[in-house]
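Work through the two exercises below with the coordinates open, and compare each step with the solution that follows it.

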Amino acid sequence: MDNDVSAGSSTTVAGRLALGVTLLAVGLGYTGLIDGVTAADAVSIARYVGGVALFVAGLMALRDRDTVSGTAFVTVGALWFTWAVSAGAEVSANASGLFLLLFALVALTLTVAAADPLAKGTYGLFLIALILLAVADLAGHDGLARAGGWFAVAAGAVAWYAATAALAHWPTALPRRAARPGVTATG
């Protein structure tokens, strides 16, 4: 891939924006960076932007035969919708941790399936966030939840950049440097 960026489909751009906003909102809530703001404050964003809008973007991508983006947006939309409607419900930390671990498996699949480096980066960072948040729930460790929040923020920033780059025709890959003459891969 070179420095040029294709505009991508409008469905993919909208899905990446919805994913980016949701990851940023929820992630910032977990970090505790903003005084008085918690992940619970992102429930409406998670339900409607991350859940409904992302799910619809996934259906549109599947209709356009974009199976990777469609599958990603539908499954992650289901995650956010379920997370949002379950907020405040009385569930055990183990059940919450298991839920996050199951979706970490989905994020692993999406990371492996993504061909675009920015999508790989988004889902890879999201995978780490989900694992850290799951372990934080299972072990009752607030420090891991904060770390998971930071990985979610990073994933959201990458998703936002990917969408913005597609619209603004910004670069999505670093240019490759030519090897110096006389230098081999091992030397």
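A salt bridge is taken here as a side-chain nitrogen of Lys or Arg within 4 Å of a carboxyl oxygen of Asp or Glu. The model is predicted, so local features need pLDDT of at least 70 and side-chain atom pairs count only at pLDDT 80 or more, whereas totals for chains, interfaces and linings use all residues. Residues are numbered from 1 along each chain as its sequence is written, and side-chain values use heavy atoms, with hydrogens and water left out.

**Exercise 1.** Determine how many salt bridges the rule yields, and state which parts the pair Asp116 and Arg16 ties together.

*Solution.* The count comes to two salt bridges. In one of them, the side chains of Asp116 and Arg16 meet at 2.4 Å, N to O. Asp116 lies in the loop between H4 and H5 while Arg16 belongs to helix H1, so the pair ties together parts that are 100 residues apart in sequence. Both Asp116 and Arg16 are buried, that is, under 20% relative accessible area, where exposed means over 50% and partly exposed in between (1.4 Å probe, protein chains only). Arg63 forms a salt bridge with Asp64, with the closest N and O atoms 3.4 Å apart; here Arg63 is exposed at a relative accessible area of 57%, and Asp64 is partly exposed at 41%.

**Exercise 2.** Find which residues touch Trp83, leaving out residues up to four places away in sequence.

*Solution.* Apply the contact criterion, heavy atoms within 4.5 Å. With that exclusion, Trp83 touches Val26, Tyr30, Ala39, Ala42, Val43, Ala46 and Phe99.

Conventions: Helix = DSSP H or I, 4+ residues; strand = E, 2+ residues; numbered from the N terminus.
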